[in-house]
Structure formats: structure tokens, C-alpha cells
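Thank you all for coming; I would like to walk through one structure this morning, beginning with single residues and working outward to the whole assembly. Please keep the display open while I talk.

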Protein chains: 2
Amino acid sequence: MVMLLRRDFLAGAVGAAFMRAPTNRFGMLGKVIARPGQRDALVKNLLAAAELVGKAPGCELYVVHTSPTEPDAVWVTEVWRSKEDHDGSLTVNGVKELITKTRPLIAEMGEPTYTVPVGGKGLASI
Amino acid sequence: MVMLLRRDFLAGAVGAAFMRAPTNRFGMLGKVIARPGQRDALVKNLLAAAELVGKAPGCELYVVHTSPTEPDAVWVTEVWRSKEDHDGSLTVNGVKELITKTRPLIAEMGEPTYTVPVGGKGLASI
């Protein structure tokens, strides 16, 4: 409620263009290295994860990528309405089982890059 | 045509789940460092770029992010139907002018990470 009021104030004060800035969004760019020969199995599980958490409140993007140069690498780029929504997704039915099933396919997980997604094509302005 | 035939063959042979893999999609995760004090101006121009190229054929995602830890950093994550569509977007009306206007705001451009986007939430399966 306070947040909505604040947004209305900002909208009146500085116009709609600035509305994109005060975002609470949470983004993650994560790289995972599959064990040799397991990349496609890992991709399949991550697409299953996208199906599951994609329906969770606040999940805006959950995109799985491979790499044109690193045969074992998989990228996941996520955008959530808030960090709380991201954290909440871990309790979605089936997610824990999927994590358990996926762990043996992974050789290495890079430290994710955290972002504050602002807007653009494919993401509603907030 | 050959591509379509190949996809039909694969669909028949191994089922719809595998259809997500043979993608020609082109992804880029790019980091740009703004000159001190210019980050918000840079974000504004990149959101304007998203408006312009977001309407170009084959642009699926063009998301602008800031960083929670690096005050001058801006991330752009892009998904295109193909590299050719991405390259073609540089000829969209107004893009060259926007690049010229944006260059002075930039201190440093990191080497982008190229990806092959496969699917997930926010991206149609192909």
C-alpha cells in the first residue's frame, strides 16, 4: 500500500518514464557446468524447473541457455518481481525433488551475477 | 525448408521435448560500465534501444538491468530468433543515432557472453 502510494507520488512528480527506476526486481545470471555428457539432461531438468517455478508468484523470466563455445556450460537467466518471490519459489511443489535429481548432473556452479532488472522488451515496465 | 523437415524428423523420432534443443537462437549477456554519474542516462538510452529494436523481427528479449553492487554497471540480456536478426537490428531506424548519443556515456564495455537460448519461462519453445 505504501509502495503504491509512493509510486503514485513519483508518477505525478516526475512522469511515467522515471517509473521504471524504483524497482524491487531481482535478477540472476547463473552459469552451471554439467558433468561430461550430462549437459542435455541438465538442460531438460532446468526446463522442467522453469515449468514449475514459472507458475510461482513473481516469476517473470526463467530462461535456459547453452553455450556456443563451452559444450558443458548451461546458463540460467532469471527475473523475479522481488527477492522474496525468488526465495519463495524454492518451496514450490516438486522443486526440492528436482534439485535432488539434478545435483548429480552438475560438475560446478559459478557464483551468480545478481542484477536489478529495470525493463525492456519482454519485461513489463513497473 | 530443410530446417523444417529436419525438425519434423526429430519430432517424430524423439518426441516433442527434444524439439527445444535444435535452436538457432542467439543470446547475449553484456556488461557495460557507465562513466561516473552517467548510469541512469545510459539506462534511459538502453531502454530507448529496447523500444526500437524490440519491434525488429526476431527480437524476443532485450532486458536492461542495473547492479546491486556496482553503481556504474549496466547489464543487457538479449534473446534473438537468430544472429542474422540481431545483426539486422543495427539497421533499424534511429539505432545508429542512439548509439552515437550513447557512446559518450560509456567508460568500458565488457566482452559479451554469447549463449544459445533454449527455452523456459518468458520464451516460447521453438
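In which helix of chain A does Leu46(A) lie? Leu46(A) belongs to helix H2 of chain A, and before I go further I should say that what we have here is a predicted model, so please hear everything that follows with that in mind.

Is Leu46(A) buried or exposed? Leu46(A) is buried, because 25 other C-beta atoms lie within 10 Å, where 20 or more are needed for a residue to be called buried. Setting aside residues up to four places away in sequence, Leu46(A) touches Val64(A), Val74(A) and Val76(A). There is also Thr102(A), which stands 56 residues from Leu46(A) along the chain, with 8.3 Å between the two C-alpha atoms.

From Leu46(A) we can step to Val74(A), whose contacts, again not counting residues up to four places away in sequence, include Leu46(A), Val64(A), Val32(A), Leu42(A) and Val43(A). His65(A) and Thr66(A) are also among the residues that Val74(A) touches.

These residues bring us to the core. Which residues touch the most other members of the largest nonpolar core? That core has 46 residues, and the ones with the most contacts to other members are Leu46(A), Val64(A) and Val74(A), together with Leu46(B), Val64(B) and Val74(B). The elements that give two or more residues to this core are, in chain A, strand S1 (26-34), helix H2 (39-53), strand S2 (59-66) and strand S3 (73-80), and in chain B, strand S1 (26-34), helix H2 (39-53), strand S2 (59-66) and strand S3 (73-80).

Let me turn to the contact between the chains, to which chain A gives 32 residues and chain B gives 32 residues. On the side of chain A that touches chain B, the elements giving two or more residues are S1, H2, S2, S3 and strand S5 (113-121). Sorted by class, that side of chain A has 17 nonpolar, ten polar and five charged residues.

How do S2(A) and strand S5 of chain B pair? The two strands pair in the antiparallel sense, over five bridges. Within that pairing, His65(A) stands opposite Pro117(B), and Val63(A) has Gly120(B) as its bridge partner. S5(B) is also joined to S1(B), antiparallel and through three bridges, with Tyr114(B) as the bridge partner of Met28(B). S5(B) is mostly covered, in that seven of its nine residues are buried.

One residue of that strand deserves a moment, namely Thr115(B), which is found in strand S5 of chain B. Thr115(B) counts as buried because it has 27 C-beta neighbours inside 10 Å. Leaving aside neighbours within four places in sequence, Thr115(B) is in contact with His65(A), Thr66(A), Ser67(A) and Trp75(A) from chain A, and with Gly27(B) and Leu29(B) from chain B. Trp75(B), 40 residues from Thr115(B) along the chain, has its C-alpha atom 15 Å from that of Thr115(B).

Now for the symmetry. Chain A can be laid on chain B with an RMSD of 0.0 Å, by a turn of 180° and a shift of 0.0 Å along the axis, which means that the relation is that of a two-fold axis. The same surface serves both copies, since 94% of the contact residues of chain A recur in chain B. Of the residues of chain A, Gly122(A) comes closest to the rotation axis, with its C-alpha atom at 3.6 Å.

As for the fold of a single chain, chain A has four helices and five strands, which follow the pattern α-β-α-β-β-α-α-β-β along the sequence. Of the 126 residues of chain A, 34% count as buried. Among the contacts in chain A with a separation of 6 or more, 71% are between residues 24 or more positions apart.

Finally, a word on confidence. The predictor gives the complex an ipTM of 0.81 and a pTM of 0.82, while chain A has a mean pLDDT of 85, with 81% of its residues reaching 70 or more. Over residues 1-21 of chain A, however, pLDDT stays under 50, and the model has twelve contacts beyond four places in sequence for that stretch.

Definitions and conventions: Residues numbered from 1 in each chain as written. Chains lettered and ligands numbered in written order. Predicted model: local features only at pLDDT ≥ 70, side-chain atom pairs only at ≥ 80, totals over all residues. Core = buried A, V, L, I, M, F, W, Y, C linked by C-beta atoms within 7 Å. Buried ≥ 20, exposed ≤ 12 C-beta atoms within 10 Å, placed from the backbone. Contact = placed C-beta atoms within 7 Å. Nonpolar A, V, L, I, M, F, W, Y, C, P; charged D, E, K, R; others polar. Pairing = 2+ DSSP bridges. Least-squares fit on C-alpha atoms with pLDDT ≥ 70 in both. pLDDT = per-residue confidence, 0-100.
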